[in-house]
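The following exercises ask you to work through selected features of a structure, each with a solution given in steps. Please look at the sequence and the model before reading the solutions.

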Amino acid sequence: MPQTLPDRHTSYHKVEEKLQKSILEETEVGCKFPVIDPFAAEMMKFNKDIPKIKCESGDWVQCEMSKCYVKSDILKTMNNVVCVYKDIIYIDDNNYKLGEPVRVSSDRHYYLNASDHVKVSCSGTPVDRFNIFSTRWYGYKAGLRPVQLPPAPHAPPATAAPPSPAAPGANSAPPAPPRIPLAPRGRHQRDDPLLRFDITTLYNIVGDGTPAAIIPLLTGKTELDMPEMRKRFANSKAVDPENYIFKMLSKYGYRTAFFEDSPWIGTFQYRYNGFSSQPADHYMQAFLQEETKYGAKWWNGINKRHCIGDTPQYGFLMNMSKQVTSLAQKHFCFTFIVDISHDDFNMISSADDDLVAFIEHMRDSGKMENHLFIVMGDHGSRFSGLRETYQGKIEERLPLMAIMLPEKLIQTRPETLTSLRNNARVLTTPFDIHTTVVHAMGLPQLANDYVILGSDIPRGMSLLEPIPQSRTCGKAGILSHWCVCSKWYPVSTEDKLYTEAGVALAHFVNNVTYEVRSKCVDRKLTFIDWVMKLSNNDDVLSFKSGIECNGRHETYVKADVKHLTQSLSERPVIARRRSACTMLKFLILCLAAIQAASSDDCKGILYDGKNYKEQIMKADIYKPSSLAVDYKTSAIYFTHIEQTGDVFYKTSKINLKDGKFTNLEVNNGFSLDVDQKNHVVYVGGHKGIYKYNEKNNKANLIVPGINAWNVFYKNVLYYIEFISQTLYTYSNGKSKPFEELEGIKVYFFVIDNEDYIIYSNSSGVFGKNKGEKEVLYKEVKSVDEIREISLDRNGRVFVLAADGIYRMNKITKSIERVAEIQDAYGMAFDNNNHLIYSKENSLLRLVPNKDC
């Protein structure tokens, strides 16, 4: 059931008390920056080259500002071109509608008025061949409809024209070098526009995840200053746009834009209820919900998932931002790119050239005369092994923040550039960026002047004015487990480091004087008075993740990383640990070599301790998944990607006896299960759930209007709604949340023969008996690590993960890997209980290897 609303007043004061305590306990003056080497070998191993995103060419229509038209090269090659436009109209963050179709012929224009976004389908006849059949194209386009702004009740001071801020950001963007370069490798010309950016090297996050970075930046406040808006709490509210900078600036005559991709994991949609009304004049939520089919496009191939028509999705957002910066009115644009950085920070390098081109456009067009330009990240990497390293923990807390001031502002107020550069090595936060932006616009009255009790300076300060170098994390509103500042700690006399540090110091001095030993006597260590070590606080090193991962500060989990290497002063300890690691790696390599040598005569797949051969059931089929077997008819059903027009997913079956392959008349379904008693196949997709009739190869839509990510049948039909990740049951024509898991996000779900409930989500794989507390079987760092949960013919539970196949043991409450099959997409068991699984381009079955 949804949880009752927490006492926000109590939560708020707990945070304030912790900050006040930090201020009292902070003996260091200012923030000592931790010593990290971005090019260290242990960091560079996470670097990998990613090919550039390639999108299919051939869009017929282009939209610029409010005008949409057929491209001239299409008109040259096509006769009788007719396009049908449908406006994509925003209702709220969870709902939209399509407008009435409007036909436009040949070179006539369609003008955006009701919406910034349109769904377009066109047809025409090629001019270079005799053909009575027309060629078709469909796609999605966006521009900027006219907006009538209300008269501004207040005007900024007339001493200088206020700049128009533009802030492109990227999810999971750590400090600039080397993983998130500001320019392509090798680009170091003297006229490089990127060299004009000032990078704040001590820009420290103030909470967990994206919302904790974006909410302070756009409001000057924390989430706890807002009404409860998290989905999982009963009676929680929608996000109120009136609290955000877009609405505030509209009152001062600014035209505003908020562009963020990946709406199913959006900043204000993933854990929150979404905005109740459009937060900015130009907003892409409805457009991307329609274009991505509520996220279904993500599974449509590595390139297509990152494209909108013939343009990379990040490029599409940049183009929209470019249009905003061309508006005659004052404007504010916040663009946040997620899809190329959220799951793999290496992918962001694919945008290098386009980012440089965007900045060069801003410079060459003269827009930088009056634009404040910010390139930023919300936090560092959170989903890779890098986060488990000491430096990864530091980088997570220090995202990129690069600022370019408007030329006119520098000319009229040169002290602003001086202050910005002086503040580059001073502790700063998202609260400061909010204050900086409104300060640059001449609207200081919009800044939040809140002062934490015990502090002598505001929590949010402008980077365009001097910020005290004595500023500490407590005064800046940063709780201890997010603070990167180092401090000196005394080393106990019982600590081995106490003696080793003295020995190391004496050894260092003797090494320096070794070549002049005749003049310098060999130093001996006689006594140690004291030893100090420079280190981050224990909270940073032991912090793993928020229990709810929702940006709250009340609680956090302790992890077994407290003894991570803390500073370069511990070099003797580092040496020993590296030696131990080297021996461990050597031992593993030796064992692997012995095992490989003994297995040369018996090649195959090791599954549950036995050797099997792979039998190809179907090749040349792209990403088959959601496998389900009807044991009576001996047919395996599955979905796979095969784009044709509006169709992303095909549903198919293979007869396990004769291998016959058949396509079902169900499109865009991506989840399946079989009612084994009645031999009915249920197919879930983004339009609802279908009931398939094998006799006529037809499917009827029985649960319309939902986006069914996963379906499972046992006595009744269970399904998971994709966006909310809520588990429902469907029976007698009605849907209702599954009471046992109400209020819990669910990604995959089954119930075994003993009515034991198994499910997965972004935290891990869990199991529970009805009415009892859940048991964690496998912890994960990302929801994508778990690909499927299935039952074999004996009712045993198997979990398909990215790194292999696991079997659950309910008695010992444990899980063990039974096959090291990497990167499979689906899993099922045939009538003989043989494992069937899918790889990227094939469907495979394991059969006993008789050679072993």
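Helices (H or I, at least four residues) and strands (E, at least two) are DSSP runs, numbered from the N terminus. The model is predicted, so that local features need pLDDT of at least 70 and side-chain atom pairs count only at pLDDT 80 or more, while totals for chains, interfaces and linings use all residues. Residues are numbered from 1 along each chain as its sequence is written, and side-chain values use heavy atoms, with hydrogens and water left out.

**Exercise 1.** Place Phe-508 in its helix, and determine which nonpolar patch it belongs to.

Solution. Begin with the secondary structure: Phe-508 lies in helix H14, which covers residues 496–512. Next, take its accessibility, where buried means under 20% relative accessible area, exposed over 50%, and partly exposed in between (1.4 Å probe, protein chains only). Phe-508 has a relative accessible area of 55% and is therefore exposed. Finally, apply the patch rule, which takes residues with over 30% relative accessible area and no salt bridge, joining like charges within 9 Å and nonpolar side chains (Val, Leu, Ile, Met, Phe, Trp, Tyr) within 5 Å. Phe-508 forms a nonpolar surface patch with Leu-505, Val-509 and Val-512, and together they have about 400 Å² of accessible area (Shrake-Rupley method, 1.4 Å probe, with only the protein chains shown counting as cover for residues).

**Exercise 2.** Describe the salt bridge between Arg-421 and Asp-198.

Solution. A salt bridge requires a side-chain nitrogen of Lys or Arg within 4 Å of a carboxyl oxygen of Asp or Glu, and the side chains of Arg-421 and Asp-198 meet in one at 2.8 Å, N to O. Arg-421 belongs to helix H11 (residues 415–422) and Asp-198 to strand S10 (residues 198–199), so the bridge ties together parts 223 residues apart in sequence. Arg-421 is partly exposed at 47% relative accessibility, whereas Asp-198 is buried at 13%. By the salt-bridge rule, the count comes to 24.

**Exercise 3.** Characterise the surroundings of Lys-475.

Solution. Lys-475 is found in helix H13 (residues 473–476), and its relative accessibility of 17% makes it buried. Its side chain is joined to that of Asp-456 by a polar contact of 3.3 Å (a pair of N or O atoms within 3.5 Å; within protein, one must be able to donate a hydrogen and the other to accept it, and residues adjacent in sequence count only if both atoms are side-chain atoms). With contact taken as heavy atoms within 4.5 Å, and neighbours within four places in sequence left aside, the residues in contact with Lys-475 include Ile-23, Glu-26, Ile-452 and Asp-456.
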